[in-house]
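Please look over the model shown here, paying attention to its confidence, its interior and its ligand surroundings.

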Amino acid sequence: MKLWMLRLGFLPLVAADFGNWSLVLLEEAVQTRGAACLDGSPAGYWIEHGWGSGAKRWIIHFQGGGWCISYEDCLARSKTSLGSSLNFTAEKSKTLEYSDGGVHGYLSNQPEVNPDFYNWNKVFALYCDGSSRNSEVEGPVVVGQKEVLYFRGHRILMATMESLMETMGRSESDARSNWRVYEDMQ
Ligand SMILES: *[C@@H]1O[C@H](CO)[C@@H](O)[C@H](O)[C@H]1NC(C)=O
Ligand SMILES: *[C@@H]1O[C@H](CO)[C@@H](O)[C@H](O)[C@H]1NC(C)=O
């Protein structure tokens, strides 16, 4: 009992290491597709590349976070990481440790924790449009005197998948052609 309490006391000192996870910011997609977070910044995702038998397999987690429900509400959200990529890098550890439970379960790279997917390509798609990747408003929306908001969730979804498909490689991906069919139906 004593030992157990001692171990518990030391737990916070063990910093999580997310060294294999890197951020992809979809900067080009802001120009080419108008895909942007609520505040107009580029959307993005964290990725840990797969290896061995998982090198060509993919698991994609779409971060949640509910909706904003009014311009004022969305404006407030645009000043946080659920509406802007400004702090994505700075908040790496926080996001990967805690958001949606962090990259611990089916996004863990430990075979004991995640025997099915540990060595797959793992994606944590960040959520910054406030509308579950559904919104599609052409023009920026002016709120109040000078604040500008973008409702481009659907474009973010498309840009994210496009970027992932590119990384997967065109020739080997059935997923790519299936996604194409879906996109063409829109
Ligand atoms: C990074 O990935 C390698 C496998 O390529 C793994 O052995 C290692 O534990 C990972 N490091 C971290 C910090 O997750
Ligand atoms: C970014 O982080 C700074 C410092 O914590 C904070 O003041 C600012 O509101 C954050 N901005 C966004 C868009 O998340």
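The report below takes up confidence, then the nonpolar core, then the ligands.

This is a predicted model, in which local features need pLDDT of at least 70 and side-chain atom pairs count only at pLDDT 80 or more, while totals for chains, interfaces and linings use all residues. Residues are numbered from 1 along each chain as its sequence is written, and chains are lettered from A and ligands numbered from 1 in the order in which they are written.

The chain averages a pLDDT (the predictor's confidence in each residue, from 0 to 100) of 88, and 83% of the residues score at least 70. Strand S2 has the highest confidence, at 98, and helix H1 (residues 2–10) the lowest, at a mean of 49. Over residues 9–13 the pLDDT is below 50, and this stretch has 0 contacts (C-beta atoms, placed from the backbone, within 7 Å) beyond near neighbours in sequence. Where pLDDT is low, the predicted coordinates should not be read in detail.

The largest nonpolar core (buried Ala, Val, Leu, Ile, Met, Phe, Trp, Tyr and Cys residues joined through C-beta atoms within 7 Å; buried means 20 or more other C-beta atoms within 10 Å of a residue's own) has 32 residues, and those with the most contacts inside it include Tyr45 and Phe124. Helix H5 (153–168) is among the elements that give two or more residues to this core, and H5 supplies the largest share, 4 residues.

A residue counts as near a ligand if its C-beta atom, placed from the backbone, lies within 6 Å of it.

| Ligand | Surrounding residues |
|---|---|
| Ligand 1 | Asp17, Gly19, Asn20, Trp51, Asn109 |
| Ligand 2 | Lys79, Thr80, Ser81, Ser84, Leu86, Asn87 |

Conventions:
Buried ≥ 20, exposed ≤ 12 C-beta atoms within 10 Å, placed from the backbone. Contact = placed C-beta atoms within 7 Å.
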